[in-house]
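Biologist: I should like to learn how helix packing and chain contacts are read from a model. May we work through one together?

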Amino acid sequence: MTHKLGRFAAALLATTIAGSAFAQDGSLTIVLSEELDVVEPCMASRSNIGRVVLQNIAETVTELVPGEGLKPRLATSWEDMGGGTWRFKLREGVSFSDGSTFDANDVAHSIARTTGEAIVCEIGAKFFGGMALTTDVVDDYTIDITADPAQPILPLLMSTMAVVPAETPMDSFVKTPIGTGPYTFDEYNVGQNIKLSARDDYWGDAPAVTTATYLFRSDSAVRAAMVATGEADIAPNIALQDATDAGMDFSYPNSETVYLRVDNETPPLNDVRVRKALNYAVDREAFVGTILANGTLLATGMTPPSTIGYNHDLKPFPYDPAKAKELLAEAKADGVPTDTKITLIGRTNNFGNVLETMEALLQMYQDAGFNMELKMYEVAEWVDFYSKPFAEDRGPQLVEAQHDNANGDPVFSMYFKYHTEGLQSGAADPKIDEMIAAATAATGAEREQLWSDLFAYIHGESVTDVLLFHMVGFSRVNTRLDFEPTIKTNSELQLAQIGFK
Amino acid sequence: MAYTDPQDALPDVLPDAPPAWVSVLRMLWRDKFALCAAIFLLIVICCAIFGPMLLEDQAMRNNLRGRNAPPFDFSKDWKLWLGGDALGRPLLARIIVAAQNTIMVAAGAVICSVLIGTTLGLIAGYTTNTTSQVIMRLADVIMSFPSLLLAVIVLYMLSPSVGNIIIVLAITRIPVYLRTTRAEVLEIRGRMFVQAAQVMGASTLRIVFRHILPVVFPTLVTIATLDFAFVMLAESSLSFLGIGIQPPEITWGLMVAQGRSYLTNAWWLSFMPGLAIILTTLSLNLLSNWMRTALDPVQRWRLEISRTKND
Amino acid sequence: MKSFLGKRAVASAISLIALVILVFFLSRLTGDPTSLYLPVDASLESRAQFRELHGLNDPLIVQFFHYIGDLARFDFGDSIRRSEPALDAVLRAFVWTLQLAVITMTLVTIAAIVVGSLAAFRVGGLFDRIATFFSLIGSSAPDFWIAIVAIVIFSVNLGWVPTSGTGTVWHWILPISVLFIRPFGLILQIVRGSMISALSSAYVKTARAKGVRNKSIIFIHALRNAMLPVVTVIGDQAAALLNGAVVVETVFGFPGVGKLMIDSILQRDFTVVLAAIFVTAVAIFVMNILIDILYAVLDPRIRY
């Protein structure tokens, strides 16, 4: 009891003297938006799992550093051997937190496990679908990875692959993740907290943060309050409304793009003039600084502007309701059934203020003369509208969606969203299909140019969808920390990059 | 609404002269709390009937520049006196328009659950053991069936319309009325006057409706009036989770849910519709408490004595 | 009494089975967990693989018999989301919920009975007016308001208690206070109403006429008789708490069964939904049996 009171006194002190009670000992508390269902490294592409596990516990072969590009992590170098094979030289003198030595067999095992049949791994499903990976261990620190079909960006793909020891079971998720990272996974008190502590035998520099505790609160106002009282040091994700303190709150591009997927096959949406009218009718600028945060960018492409090949020459559609009406009238004169009721489908709780955004969009469309109704669905139902197979008698639909691509290459987006076979694609345009195939197979400057052309074609000629915004997120950080969130904060939170002032 | 019909509550006990409604009004006039409550409820009912006709367009019109306009700025249009919401729509107008759906959902759900629950409770309390067992165990099942799951099931298969929300909320509230009624029936059944009536050969129906129901009724009304608030708030949490009524339809509960994320910097967004819920519940309850006293000849003296003292 | 308990146990077991069957089939009508579990970009092959692994490809009736077979061995299956036995997840959360419910309902019961009977003693008096007014406001206000305003005032501004979480006694103060308000208001109103009736009923008058002058005896006598509906409503409110106090759990980060159930329903994690309903149902059934026994204790005329 005295112990408990003591901790309470410490908490009280922290609230009054802004966290000075913790400052000396290098411990850190992070408050996440939801409890972790699993702590399995091969599921680390989920935001909150990634924020705990990725690069803290389990490291990747390569690493995409914002602003710098692809960097070595567990691999020191890589080269294209031709025929879809890449050779990776691995770092020597690296050990796992269980004491075993890291070598090429661990990488081979991790790839087999992540893409295997016995468990469904999100990283496997998300980044390695539609290809077969084979590995060949050349020696302890050299591995050949072959992809079929060949992947020009295999080193980039490997920046998603979290490496686990070769002893990790193939057919079940781990309860205590083991990796080569600077921290060990100490305990998970389900429902309460996760604790990590720094390793002595990490191959890299010793981090400033020695122990970290993760807490879980679903309410954004509470997360913000916890940092304000000193109960937590970092809340990686808070709502726009709660980011009210310029001294503690940071905004960062969170790699999410909001758009309306347009069903290009169903009249009247199969007419390009109608799709253009949909774009002219939206006053995108009116959202920024009102419903959405200052710093939100108007989108002209599906991926964030930091992605290679993003076409910076494209201009967002201006707000021009007169033009929209004109285009609609033109289409109508040609017999396009522009009076058909269009369903605007939104996903509840998709991002902060999604409801307000959808209601504002609805009104803009109605003002421009569209016959439209709004339907909001929770995710389970919304997915039925967003992903194929689509219902037969669906009628014309616009589906609001938010797409996340923090991986630096459009390949992670374009096939799914625009290819005729893409699961969420509303388009069936052979030209787009060809362009995607060409860009996917290309490398270097050519690849960038081909992606850039594709963005231009989708935005300017085919007007496949209604691209809206590149979103920003907010983090609240205790002033005693030396840390600024980046585009990566949406998917990971490297404790080793955090310092104390 | 159930409580407005005193005939159900206490048949045969009102004195003949003067006309019943005159003496009711007179007694209402004497209790100023109840009077205010009655007036407020009248206003709400008027809003519910006429609001959507008169104000629908203004309540739906966005104005992003007038976003989160603070309340009590009386230099503005009256519709903005309670402030503007996140899209700059006037809160007062929205509250008035939303009254219709809200009252329909709340009254619909409460009345349905009271009627079904009470009927089943009377049957369970007054019939054979087996029937009673079946009904009571059914109530157990409903009680342990999470309302959210029920909502997801109903609303996944059907659309989230007012009618379907009423069904979901009504079903989840049945057990409390059922169990309350049955417990009271078990007790009253043993009382002298019921046994006397039985001996005198009164039919079961007559005993139930003439002797038992009037005794149970006041408790049911008390629960029902508070359930009004509960149902509106339950509907609010369903909307919040994306399963309840969705825009462009509006209810007070939906407005409360929509304002939730603004609680710390634009408190009026959820406070104003929440206040409407509180005031409605408060009024209903004050009125039902008053009615309970005023219409019961055994207790009417309280009202009169307390008034003469205070006057 | 023994035969009553025996019969009730059998009847409750039957309704428990009915509940499981009902939930099993109804919950499957709400969609496929595959598209919720996997990222939207997941290929059709990984979707098929997921369905195969979790037995979602079998006909529903086959899945059902598998489930019942496992259930007979008290195996509720593994959670799809959490890759651990569903029952483990539920029981871990239910312990928290049970503590929260028991503490809150005890406080509520005591407070509501005391305040409610005092209010009924002087109907229309100042105490009655104040108690009624505030309890009604409290019980009809949205609970997240109260929760968040309480955090802002008592944690952020005053620094008296931690904002949220578990660990010390202090962490329990805000959640319990917020949970207390609604049932308190409702039960207080029921106590007040029944006490007014009881105090003016024939037998209390008879007691008075017979010369029982002692106020407290009259009071206790009336209270005992006013308790039937009170006990029922307490049961109703306790059942709601046993099903989980979702808002309080969400806001205060309390790892109870309400949040678990909501998440599992929204994510279509059927095994956890079923296990959670099973556990809470058992608790509610037991509570209802206790309440029915309490009826007979309070009023000897009630027999089973």
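**Reading helices and chain contacts**

Modeller: In this predicted model, one helix contact in chain B serves as a starting point. From helix 9 of chain B, Met232(B), Leu233(B), Glu235(B), Ser236(B), Ser239(B) and Phe240(B) touch Trp252(B), Gly253(B), Leu254(B), Val256(B) and Ala257(B) of helix 10 of chain B. Sorted by class, this contact comprises 7 nonpolar, 3 polar and 1 charged residues.

Biologist: How is the packing of such a pair described?

Modeller: Two packed helices are characterised by the angle between their axes and by the distance between those axes. Here, helix 9 (residues 204-240) and helix 10 (residues 252-259) of chain B have axes that come within 7 Å and cross at roughly 50 degrees. Helix 9 of chain B is therefore oblique to helix 10 of chain B.

Biologist: Is the crossing of helix 9 and helix 10 of chain B left-handed or right-handed?

Modeller: The crossing of these two helices of chain B is right-handed.

Biologist: Let us turn to the chains. How many residues does each side give where chain A meets chain B?

Modeller: Chain A contributes 23 residues and chain B contributes 18 residues. On the chain A side, at least two residues each come from helix 6 (220-229), helix 9 (354-367) and strand 15 (372-377). Helix 9 of chain A gives the most, with 5 residues. The chain A side divides into 9 nonpolar, 9 polar and 5 charged residues.

Biologist: And which numbers describe the contact between chain C and chain B?

Modeller: That contact takes 54 residues from chain C and 49 residues from chain B. Several helices of chain C each supply at least two residues to the side touching chain B, among them helix 1 (2-28), helix 7 (143-157) and helix 13 (270-298). By class, this side of chain C holds 33 nonpolar, 18 polar and 3 charged residues.

Biologist: How should a single helix, such as helix 7 of chain C, be read?

Modeller: One may begin with its span. Helix 7 of chain C has 15 residues and reaches 20 Å from first C-alpha to last, close to the 21 Å expected at 1.5 Å a residue. Next comes the side it presents. An α-helix has 3.6 residues a turn, so residues three or four places apart point the same way. In helix 7 of chain C, the buried residues include Ala147(C), Ile151(C) and Ser155(C).

Biologist: What covers the buried residues of helix 7 of chain C?

Modeller: The cover includes helix 6 of chain A, together with helix 8 and helix 11 (246-252) of chain C. After helix 7 of chain C comes Gly159(C), with a positive phi near 65 degrees.

Note on methods
Residues are numbered from 1 along each chain as its sequence is written. Chains are lettered from A and ligands numbered from 1 in the order in which they are written. This is a predicted model: local features need pLDDT of at least 70, side-chain atom pairs count only at pLDDT 80 or more; totals for chains, interfaces and linings use all residues. Axes are lines fitted to C-alpha atoms, for helices over the stretch in contact, and angles run from 0 to 180 degrees between N-to-C directions. Helices (H or I, at least four residues) and strands (E, at least two) are DSSP runs, numbered from the N terminus. Angles under 35 degrees count as roughly parallel, over 145 as roughly antiparallel, 65 to 115 as roughly perpendicular and the rest as oblique. A crossing is left-handed if the near helix is turned anticlockwise from the far one by less than a right angle, and right-handed if clockwise. Two residues are in contact if their C-beta atoms, placed from the backbone, lie within 7 Å. Ala, Val, Leu, Ile, Met, Phe, Trp, Tyr, Cys and Pro count as nonpolar, Asp, Glu, Lys and Arg as charged, and the others, Gly among them, as polar. The expected span of a helix is 1.5 Å times one less than its number of residues. A residue is buried if 20 or more other C-beta atoms lie within 10 Å of its own, exposed if 12 or fewer, and partly exposed in between; C-beta atoms are placed from the backbone.
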